[in-house]
Amino acid sequence: MNKKELSERDICTKFITPAIEQAGWDIATQIREEFSLTNGRIIVRGKLHTRASNKRADYILFYKPGIPIAVVEAKDNTHTIADGMQQALNYADMIQVPFVFSSNGDGFLFHNKLQTSGEVETEISMNDFPSPEELWQMWAVNKGIDTKQSAIITQDYYSDGSNKTPRYYQLLAINKTIEAIAKGENRILLVMATGTGKTFTAFQIIWRLWKSKTKKRILFLADRNILVDQTMTNDFKPFGSAMTKIQKRQVNKSYEIYLSLYQAVTGTEEERNIYKQFSPNFFDLIVIDECHRGSAAEDSNWRAILEYFTTATQIGLTATPKETKDVSNIDYFGEPIYTYSLRQGIDDGFLAPYKVVRIDLDKDITGWRPDKDMTDKYGNEIQDRIYNQKDFDRSLVLEKRTEVVARKISEFLKQTNRYDKTIVFCDNIDHAERMRQALVNENPDIAAENPKYVMRITGDNEEGKMELDNFIFPESKYPVIATTSKLMTTGVDAQTCKLIVLDQRIQSMTEFKQIIGRGTRINEDYGKYYFTIMDFKKATELFADSDFDGDPVQVYEPKSMDDSPVPPDNFEEEDTCNPEYPLNDQNIDASFVNADGTESYGTTEVGINRIKIKKYYVADVPVTVVAERVQYFDSNGKLITEALKDYTRKALFKEFSSLDEFLKRWNNAEKKEAIIEELSQQGVFFEALAEEVGRDLDPFDIICHVVWDKPPLTRKERAENVKKRNYFEKYGEQAKFVLQALLDKYADEGIVHIEEPQILAVNPFRSFGTPMEIINKFGGLSQYQKAIHELEDQLYCA
């Protein structure tokens with residue numbers, strides 16, 4: 001056997017795996033080969049999407065299931081032992097393991113990240129690979145872990161028998177938390193983006209601490225009923241009869257796992273603080289879900305609970321740690337023990353990227369002032385001042401504005417898919433109801449077919465709340481559009497939501513991230529790979545905030561009422577309100593979350609004396625769409641601030657030093673599709689460029705024209721040039737017909753389509769025979785592929 005002729009996979013099978021097994025590693029529970037770390041970022045191009053390649057380690061070695069300790073990267077025997085080390089170190093950094101190995105089948109290069117002096121890397125023979133216990137003891141000694149702590153840290157994960165491993169970042173969050181608690185830490189903050197599995201992560205933490213008897217009575221706190229109910233029926237289900245929900249202000253102390261709304265155990269009156277029926281040391285672990293929403297405020301009910309059970313270990317979970325002068329998660333919990341951001345989730349391909357459609361309305365931009373002595377539709381005289389976006393739908397309603405917003409939403413859905421799940425965030429419950437009516441009027445055909453096509457889902461409406469599960473379940477067709485204000489900003493696991501509409505003024509980064517999180521889940525079974533945000537109230541200006549950590553792939557602003565709201569394929573604003581009557585989040589008309597987690601609709605109070613006034617409803621003031629700007633984001637998620645052509649030119653100059661170098665690479669490519677895909681992943685927007693320079697141009701001509709200013713030829717012109725050369729004469733009659741049909745296909749659809757043999761299974765090729773029969777007319781597959789390459793040479797010859 002010549003080792004040099006073996007593939008990398010053969011080297012793994014015949015040499016590396018046996019060497020690791022020989023050292024005492026269990027192939028079933030400790031050795032994971034070709035272990036996928038990421039899913040590969042979803043790249044959106046117009047209405048199409050693809051995935052970038054995922055990151056996959058040749059081996060991850062686990063001390064116990066769920067506890068990774070080493071990475072091994074393999075290369076074939078034409079490489080040196082060390083050639084895989086840099087790649088392995090990258091993977092080791094991702095999953096934060098201390099031991100890294102590289103091998104070509106002749107031996108191992110061992111990198112010990114715990115070593116801070118002396119030899120960090122050493123070569124070892126295939127027979128000297130370290131055992132699991134050797135590596136674990138090296139790690140435990142370095143960390144100062146004793147036998148008792150080690151027993152806690154190595155407690156088994158819950159397994160449903162499928163051997164499914166949590167994602168790498170979930171493992172990190174769980175293991176770091178268990179290790180911190182084993183070492184005696186009692187205040188822990190975990191920051192994980194919405195949609196990355198915070199509740200599953202919390203379950204595994206609780207399960208392992210409970211099973212190891214480190215923590216015996218545990219309280220899980222949330223602030224919405226739906227969060228508690230979803231948790232009990234989904235992630236926490238394995239706790240079974242040991243688990244209960246505190247409700248109806250009744251306490252039963254015979255359980256071990258307690259779930260509760262914080263509102264259910266607290267109140268403004270002392271007798272309603274039923275948590276005090278438990279002794280202060282009853283719970284030894286408290287997990288606070290969505291802890292940004294109040295637990296950190298010193299005077300909040302949540303803080304009162306935490307301070308009452310001060311001896312318990314307390315873990316805060318949030319996607320958006322809150323840091324203001326009055327509220328601080330970090331002051332209470334300390335710095336996050338682990339953070340997994342929205343940007344990381346999108347880059348890894350676990351979260352859906354998104355486009356942004358920004359729509360500015362004329363009255364939002366210029367403001368509106370009533371005529372002298374003007375009254376609203378109910379006869380109320382309207383206060384004479386300039387009303388702007390801060391007032392609309394709060395103290396003043398322009399009914400035509402609501403109609404315009406509903407029309408643009410409906411236009412978008414009609415041009416994409418009218419049954420794509422959509423959430424419309426409104427300023428308050430009254431606004432949500434008016435938006436529901438406007439959307440019904442814009443979609444009378446489907447509303448007549450099923451009245452639940454559009455539903456208002458707000459805390460005050462039982463009919464709407466009853467439909468929340470149907471909105472969430474991918475299998476349920478209706479409701480399709482949900483109008484809401486606060487109820488659906490968090491904790492709603494809407495996997496198939498493809499459109500989020502912001503007709504709500506959002507000044508809080510915390511709330512903004514929570515709302516964005518309603519769309520970030522991916523559901524491949526239902527075709528949900530990305531989503532769109534349609535912004536009517538400049539909420540997406542928060543993208544410019546340094547605290548935002550997940551940029552959109554595209555931002556588009558239609559410039560007129562007639563423009564399509566669908567993107568082409570290709571902070572505090574000045575307050576012009578009367579200063580005598582400022583409007584702010586404390587005195588505006590808004591929705592409020594009650595003690596039981598429901599919403600209520602408040603009345604407007606303004607002025608120094610907070611005089612109650614009515615909301616004005618104006619029916620006949622026209623509102624139109626203004627402004628357009630298209631923005632794109634590069635492969636690193638950064639906003640492209642220059643012209644798209646200039647950006648493309650700079651990007652190509654980094655890749656190719658000259659036109660000749662590009663032509664050489666293009667002509668030598670086995671498949672042109674590979675170059676097109678590579679350039680797309682590097683941020684070349686072929687669809688958008690085609691909109692600017694010509695949709696009937698080949699990507700080759702787009703690049704040559706935009707970057708090197710060469711006169712472009714259309715695909716049809718290139719195809720005609722080939723026909724003029726009588727190139728087909730050297731082929732037989734039947735092969736000639738096939739090539740002519742391929743040339744026509746190129747003229748219509750482009751080069752990528754004719755490179756794949758699958759094209760032979762569609763018309764007009766079906767009339768020539770089966771794909772195999774057509775290929776045989778050229779003398780076999782290799783001759784057919786040679787003919788395609790020659791055809792491409794003819795298409796792109798000078």
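**Exercise 1. Two helices in contact**

Task: In this predicted model, determine how helix α24 (residues 715-724) and helix α28 (residues 781-796) pack, and which residues make the contact.

Solution.
- Step 1. Take the geometry. The two helices pack at an angle of about 110°, and their axes are 8 Å apart.
- Step 2. Classify the angle. The range 65 to 115 degrees counts as roughly perpendicular. So α24 is roughly perpendicular to α28.
- Step 3. List the contact. Helix α24 contributes R718, A719 and V722, while α28 contributes L791, Q794, L795 and Y796.
- Step 4. Sort these residues by type. The contact of α24 with α28 has 5 nonpolar, 1 polar and 1 charged.

**Exercise 2. The parallel sheet around β13**

Task: Work out the strand order of the open sheet of 7 strands, then trace the pairing of β10 with β12 and of β13 with β10 and β14.

Solution.
- Step 1. Write the order. It is β11-β12-β10-β13-β14-β9-β15, and the pairing is parallel.
- Step 2. Find the edges. They are β11 (243-245) and β15 (338-340), each of which pairs on one side only.
- Step 3. Add the turn. Neighbouring strands of this sheet are turned by 15° against each other on average, direction ignored.
- Step 4. Start at β12 (residues 257-261). Strand β10 is joined to β12 by 5 bridges, and the two run parallel. In this pair, A222 has L261 of β12 as its bridge partner.
- Step 5. Move on from β10 (residues 218-222). It is parallel to β13 and joined to it by 4 bridges. Here L221 has I288 of β13 as its bridge partner.
- Step 6. Continue to β14 (residues 313-318). Strand β13 runs parallel to β14, with 4 bridges between them. I288 has G316 of β14 as its bridge partner.
- Step 7. Check the side chains of β13 (residues 285-288). L285 and V287 point one way, I286 and I288 point the other way, and all are buried.

**Exercise 3. The mixed sheet**

Task: Identify the edge strands of the open sheet of 6 strands, and say how β4 pairs with β5.

Solution.
- Step 1. Write the order. It is β1-β4-β5-β6-β7-β8, with mixed pairing.
- Step 2. Read off the ends. β1 (31-36) and β8 (121-124) each have a single partner strand, so one side of each lacks a neighbour in the sheet.
- Step 3. Add the turn. Neighbouring strands of this sheet are turned by 30° against each other on average, direction ignored.
- Step 4. Examine one pair. Strand β4 (residues 56-64) and strand β5 (residues 67-74) pair in the antiparallel sense over 5 bridges. K64 has I67 of β5 as its bridge partner.

**Exercise 4. Aromatic pairs**

Task: Count the aromatic pairs, then characterise Y158 with F203 and Y378 with Y617.

Solution.
- Step 1. Apply the cut-off. Rings pair if their centres lie within 6.5 Å. The count comes to 50 aromatic pairs.
- Step 2. Take Y158 and F203. Their centres are 5.5 Å apart, with 80° between the planes, and the pair is edge-to-face.
- Step 3. Locate them. Y158 is in the loop between α4 (147-153) and α5 (168-182), F203 is in helix α6 (residues 198-211), and the two are 45 residues apart.
- Step 4. Compare accessibility. Y158 is partly exposed at 29% relative accessible area, whereas F203 is buried at 2%.
- Step 5. Take Y378 and Y617. This pair is also edge-to-face, at 5.7 Å centre to centre and 80° between the planes. Y378 is exposed at 57% relative accessibility, whereas Y617 is buried at 14%.
- Step 6. Look for a cluster. Ring pairs link Y255, Y258, Y275, F278, F282, F283, Y308 and F309 into one.

**Exercise 5. Two buried polar or charged residues**

Task: Describe the settings of R434 and S485.

Solution.
- Step 1. Place R434. It is in helix α14 (residues 429-442).
- Step 2. Test burial. Buried means under 20% relative accessible area. R434 has 12%, so it counts as buried.
- Step 3. List its contacts. Beyond neighbours within four places in sequence, R434 touches D393, V397, T402 and Y617.
- Step 4. Place S485. It lies in the loop between β21 (481-484) and β22 (497-503). S485 is buried, with a relative accessible area of 0%.
- Step 5. Look across the chain. S485 and F425 are 60 residues apart along the chain, and their C-alpha atoms are separated by 5.2 Å.

Definitions and conventions:
Residues numbered from 1 in each chain as written. Predicted model: local features only at pLDDT ≥ 70, side-chain atom pairs only at ≥ 80, totals over all residues. Heavy atoms only, no water. Axes fitted to C-alpha atoms, helices over the stretch in contact; angles between N-to-C directions. Parallel < 35°, antiparallel > 145°, perpendicular 65-115°, else oblique. Contact = heavy atoms within 4.5 Å. Nonpolar A, V, L, I, M, F, W, Y, C, P; charged D, E, K, R; others polar. Buried < 20%, exposed > 50% of the residue type's maximum accessible area, 1.4 Å probe, protein only. Pairing = 2+ DSSP bridges. Phe/Tyr/Trp six-rings, centres within 6.5 Å; stacked < 30°, edge-to-face > 60°.
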